[in-house]
Structure formats: structure tokens, C-alpha cells
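Got your viewer open and a hand on the mouse? Let's take a walk through this model, one selection at a time.

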Amino acid sequence: MLFSNGSRAVLLWCRQTACLLLKANSELRVFYPTAVLPWQLYAVRVYVNSSSENLQYPVLFVVRQQKGVLSWQVPLIFRGLYQRTYNYQEVSRTLCPSEPTPETGPSDQIIFVDVASMAPFNIAYELLVTRLENFQLETNKAFNFTASPSQPQYFLYKFPQDVDSVIIKVVSDAVYPCSVVSVQDIVCPVYDLDHNVEFNGVYQSMTKQAAITVQRKDFPGEQFFVVFVIKPEDYACGGSVPSSIHGKLCWEVDLVAPLLCMFPSPCSAPDESSSSGGRQLSSPGCGLPAGSDTDSSVEEESDFDTMPEIESDKNVIRTKVWLMWQLGPWIHLGQDQNIITIAVFYALPVIQLVITYQTVVNVTGNQDICYYNFLCAHPLGVLSAFNNILSNMGHMLLGFLFLLIVLRRDILHRRAMEMKDIYTLDYGIPKHFGLFYAMGIALMMEGVLSACYHVCPNYSNFQFDTSFMYMIAGLCMLKLYQTRHPDINASAYSAYASFAVVICLAVLGVVFGKNDMWFWVIFSMIHVLASLALSTQIYYMGRFKIDLGIFRRAAMVLYTDCIQQCSRPMYMDRMVLLIVGNLVNWSFAIFGLLYRPRDFASYILGIFICNLLLYLAFYIIMKLRSSEKLLPIPLFCIVATAVVWAAALYFFFQTLSSWEETPAESREKNRPCILLGFFDDHDVWHFLSAAALFFSFLVLLTLDDDLDTVRRDKIPVF
């Protein structure tokens, strides 16, 4: 077709979908076939093509209809990153459909198409108007179509009578298309362009797959449009910078898994996933002068210390039996009351923040804010993935159960104390339950904060999920150390102040740890120095002062212990543990400095867990070397802990989403539910990790039950 400046032409679409050229300045009348139901919705699509690439004189198309006006130009220009432009010679758009009603019956749809150009020469173009034969999507039936940046698509879905919720699954077979899937109410105009697709409804960016759960209650008309828009470049989805997609992309959309209730039965949908006590302290030195920071009296050298000979050392008189029992109530009140206070003041702003995040998601419709497993995200009320929140109930229930177990032991112990039971007074490891109460509360709070994180999982929120894991690991290490050193303990205030410093570092890591080299240098230095200071405290049983004179005293001890008089370390087992521990921590510091992992919270958590496992292994080895026994209950708990942790870690590494990548790339990892049609792999991780932590706590609670019939002056200290 040829035309000159200012002319207008139209085409007539007939029942047989044949297209005829009419004279200029006439109207386009669309007739609905009489063989179909009068209330069925139809859509018309307009296709235009021009061979002209002259950007100075584009061809302008304006389509006017009853409910709106569409306009575009050919060549169609999109602007990407760095003002890069992408030109398209072919453009097609679906017109907003008008829906006949049973009362009025079928009606004609009048469409005007205006074509104009300011070019001083003739321009060839092609215009084609057709009716879409397959405009309505069906449940559990795959539908294939193509789209491109200049040719977006949208389709209609109506809820069947027995379906309350559906999952729209979209899959693209292109290598790396960056696109947007949007669900919009039946309103004209339909926002189906790159610059306006985010104006209405809910939407997701995608590369290879996407999934959106839609509920009937959110659409009063019980129907909606599913809109597909292709980005002109892949950068927005994490692709190369930049790369244009000029060809068409083949997509498949599938509406599956009708959710009739909160726990649906497995559906028969196609497999297509979607997308568009007193003890001896041996001297740490050999022949140090009186008045030094370490004890100078050594009566025997051994790999572990025993309790009977301490009366001669005034520096450790605090380890007498009566003072051990005096420590019990103080530790109990300090640890669990402080952790409750911390939990309340930490959790309240966290809950407020995640509620704000969820509100923003619901108001804006931007499902790129939160990183869910959209193929198994079951909404409930305002929550987008209720299953991920519900699965954290295991932490709360098992934490409460552990508190009941500890309370029972505490009550029995107090009764025995009141009855002056000889085995309670003079036998076994002194009982301090404060840290156990704190561990149970921390397990419950881990469930609360993990649930808060899963309200809207993203990079900034992940610290909520790990904060109480730091505390759990720290409390377990404190408890292990307290078991054989009931007289050498950090106060509750010092312990929780240390946890506060760790959480503060985690927050700083989230803010500055991505690319800031100086942050990693400073953090690695702090890590190494803290490891050395803690090692010194452990080796010298808390009797090595940390102040401005630490370096002078350390040099003196090194000279006298290892150069002047000693041929081997005084506490060989302890020295081996500390050497291995420092090597592990220095390796972590070097790794962080070289690779600067983006997931800083998990990096710190890995440090804590490795140190805890190392100390637990040392404790069990020393226990067995001291001819102590592992009773059936702690042995069972150890085996159960190992088995359940192994199973839990398997599901943990089944990555279903990742906020370390773009939202579109994260959705490539999404997978369907695997348990009861409601829980995914990460939910199973929640269940198993809660059980693993519960068994881990039982290990610490029961590990030394074999010593309940052993006199305290016969219990080794290591």
C-alpha cells in the first residue's frame, strides 16, 4: 500500500477473517459470528509493518475504538541502558476487547485506524487486522504463543465455578529473554508496553520461567488479563550489557493447580513448569616470678587438670563448691531474662519492617521485591507465601518442648538440693540451667525471625533469619565451656554485649560488605585478633588479663614457657585445639578478604558453626580420653543430630531462590511443592533444621549425665 502525507486508510475484517482494502476515511466495523455464545469475549489484533527505516519521518498509527485509543509509530523506538536505542519495523497490538452481555447480545465493534506521516515521499506499509481465535486461557491446558518487544501479548482468564485460586506458570524457550509477566484487572486501556506494564496489577520479571498465584477474591469480575511484555535488552534481568532481542520469543503459559483450599490435593496438571567444681589449675608458665599474671605453682603436668589441689592457689579460690552453687541462680536469672528482653526489642521493629515490605508488595504489585519460590507460594490474607511462614512453627514448638524438659530437670534438681541429697551436693557436673533456658528461648525466636524474613525474603532482610542463629551457636559454645569451668564465666551482660557486637558487624556487612575492600580488611583484622585473644583466655583458664600490657606479658610468657624452660606446652590437648581453631578462623579471614562473599550473614554464621563443631568434637574426644562414658540417651541424641543435620543440609542446598541474583534469575531456580502439595524443599529444611537444633540441645543437656555418680574432685577439667 502506498500513501502520501496525511492520508488515512482502513481494512475490513470479515467473519471468515479475510481482509479487504477499503477506501480512505472509512470505518472498520467488526461483526461477531452468530454461532457463538453472545457473552463470549473476543479480541482484535492490529499488525503493521513498514520497510522504511527513516527515523526522521516515521509512520504514525492511531487506533480509535469505543473504550480507548492506541497509538504508535513505525519504526518503533525503545531506549535502553546508556540511551541506547532499539528500532523495530514490525508492530502488533491487541485492542482492548468489548464484552457483549447476555442482555444486549452480540454487537458490532467500530474501529478507526488513522495512518499518517510527514514524509515528503511515499512510504510503503502493511496493515492487517485479525480476530484472535484463542484469546481465552484454560485451566490445566498449556497454551503456546510468540511475543517480541514490539509485539506484546495478553490473554483472558475466567475463574471456573469450582476454582478459588490458580497458579499462572510461564516458560520461555529463548536463551535469555528479559520479560515481564503481569496480571491485570479487566480494565481499558491494558498496560502492555515496556514503560507502563508496571502501572496496574501484579507483575514479575522473568528470563526462563515465572509463576504468579492469583486468587478469585482479588478480582470482583472473576476474570483477569495475563500480559506478556518483552524487554528490549537483557540488562534489567541480569543479562549482558546490553543485548537486543530482535527476534520473536516462543512462550508457553499454563494455568494449573487450582487451589480450592489452603491444603490442596495434588493436581493432575501437565508437567510444564512455568516461567515467562574445685579443681587444679596447672601453671601456664615455667618458673615465672611471683606476681605475674599466671600461676607459678605446678604440682603435676598432665593433658587435663583435675579438681582436688586448688586450695593452695589463692587466685582460683572462687572455684570452691559453695561458690559454684552460688553462681547457679545468678546465671539462671541473667541469661534467660536478658535474652527475653533482647528478643522483644529486636523482634518488634523487625515485624514492623516486614509488614511494611509486604504492604509495599501488595500496593505496588511489584513481585520483584521479595524472593519467593513462586511455583510453591501459597498466599493467605496479605501474606504472599504463607507456607514458608507456617513451616517455622517447628522451631517454636520444639523450642517450647526443650524449655519444658529443662524446667523438669531444674525442678528435680531444686528438690534434691532442698533435701540435701549427697549426690546433688558433691557429685556430678554442677547444674546451671540458665543457658539452657536461653537456648530454648533462642530456638523459639529463631522461628519467629525466620518467619519474619520469609514474609518478604530479600538481601536486606536475611540478617533477621541469622541473628538468633549467631546467638544459638554462641550460647552452645558458652554452655560447653561452662560445663567444665563453672567458676570461669562471662557475665550475662558481657555475653550478650558480644552478641550485639556480632550482630552490629553483620549489619555493617550487609551495608558495606558488597564491594568495600576496606571493610573486609578491617573485619579480617578484628577476626584474627579476636581469635588470638579468645585463645589466650581459653588456654590460661581466664586468668590472662586483656589490657594495655597484654603484649608485654604475652612476650614474657612466650619466652619463659616455650624458649627458656619448657620443651612442650603445659596443656598439650588445649594447645592442639587452639592451633586448629586459629587455623580455621584465619582461613575464614583470608577467604573473606580474597573473595568478599556477598552473603555476609551466612559467612559469619559459618564461622560460628565451624567453631562450635570444632569445640564440641574436642569436648567429646577429651571426655572419652578421660575414661568417661557416653550413656545411651546422649549417644542416641548425637546420632540423631548427625542424621537429621545431614538430611536438613541436603534440602538447604536445594536452592529454590536467591537474592544474590536478580529476581528474574532467581525464578529460574523455582520448583513445585514436594510435601502435601503445600510445602517446598526450603520448608522441609525448616522442619528438619528445627529438629536438628532440638537434638543438638539435648546432646548438651545429657552429655555429662554419666558423671552424676562421680565425685567432683575426680572430674577432669579440660
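Our walk begins at a helix pair: α5 passes α6 in a left-handed crossing. (Left-handed says that the near helix is turned anticlockwise from the far one by less than a right angle; clockwise would be right-handed.) Before you click further, know that this is a predicted model, where local features need pLDDT of at least 70 and side-chain atom pairs count only at pLDDT 80 or more, while totals for chains, interfaces and linings use all residues. Residues are numbered from 1 along each chain as its sequence is written, and side-chain values use heavy atoms, with hydrogens and water left out.

**Stop 1: α5 and α6**

Select residues 434–455 for α5 and 462–484 for α6. Helices here are DSSP runs of H or I with at least four residues, strands are runs of E with at least two, and both are numbered from the N terminus. The two axes come within 8 Å and cross at roughly 165 degrees. Axes are lines fitted to C-alpha atoms, for helices over the stretch in contact, and the angles run from 0 to 180 degrees between N-to-C directions.

So are α5 and α6 roughly parallel or roughly antiparallel? They are roughly antiparallel to each other. The cut-offs go like this: under 35 degrees is roughly parallel, over 145 roughly antiparallel, 65 to 115 roughly perpendicular, and the rest oblique.

Now show some side chains. Among the α5 residues that meet α6 are Leu435, Phe436, Met439 and Tyr453, and the α6 side includes Phe464, Phe468, Ile472 and Gln482. Contact means heavy atoms within 4.5 Å. By class, the contact of α5 with α6 has 17 nonpolar, two polar and three charged residues. (Ala, Val, Leu, Ile, Met, Phe, Trp, Tyr, Cys and Pro count as nonpolar, Asp, Glu, Lys and Arg as charged, and the others, Gly among them, as polar.)

**Stop 2: α6 again, now with α11**

Keep α6 and add α11, residues 600–625. Their axes come within 9 Å and cross at roughly 20 degrees. That makes α6 roughly parallel to α11. The crossing of α6 past α11 is left-handed. Look for Tyr470, Met477 and Tyr481, among others in α6, meeting α11 residues that include Phe608, Tyr615 and Tyr619. This contact has 16 nonpolar, five polar and two charged residues.

**Stop 3: α12 and α14**

Next, select 632–652 (α12) and 681–702 (α14): they pack at an angle of about 155 degrees, with axes 8 Å apart. That makes α12 roughly antiparallel to α14. Here too, α12 passes α14 in a left-handed crossing. Their contact counts 22 nonpolar, four polar and one charged residues.

**Stop 4: a hairpin and a salt bridge**

Jump to strands β6 (59–65) and β7 (68–74), which pair antiparallel over seven bridges. Two strands pair if DSSP finds at least two bridges between them. How many residues does the hairpin use to join β6 to β7? Just two residues. Click on Phe61 and find Trp72, its bridge partner in β7.

Stay in β6 and pick Arg64. Its side chain meets that of Asp114 in a salt bridge, 3.2 Å from N to O. Asp114 sits in strand β11 (residues 109–116), 50 residues from Arg64 along the chain. The structure holds 15 salt bridges, each being a side-chain nitrogen of Lys or Arg within 4 Å of a carboxyl oxygen of Asp or Glu.

**Stop 5: an open sheet**

Now colour five strands in the order β13-β15-β20-β17-β18: they form an open sheet with mixed pairing. β13 (136–137) and β18 (202–206) stand at the edges with a single partner strand each, so one side of each has no neighbour in the sheet. β17 (179–184) runs antiparallel to β18, joined by five bridges. Val181 has Gln204 of β18 as its bridge partner.

**Stop 6: backbone oddities**

Most residues other than glycine have a negative phi, and most peptide bonds are trans. Zoom in on Val74 to Pro75, a cis peptide bond with omega near 5 degrees. Pro75 lies in the loop between β7 and β8 (76–79). Another cis bond joins Cys188 and Pro189, with omega about 5 degrees, and Pro189 is in the loop between β17 and β18. Finish at Glu222, whose phi is positive, near 60 degrees; look for Glu222 in the loop between β19 (209–215) and β20 (223–230).
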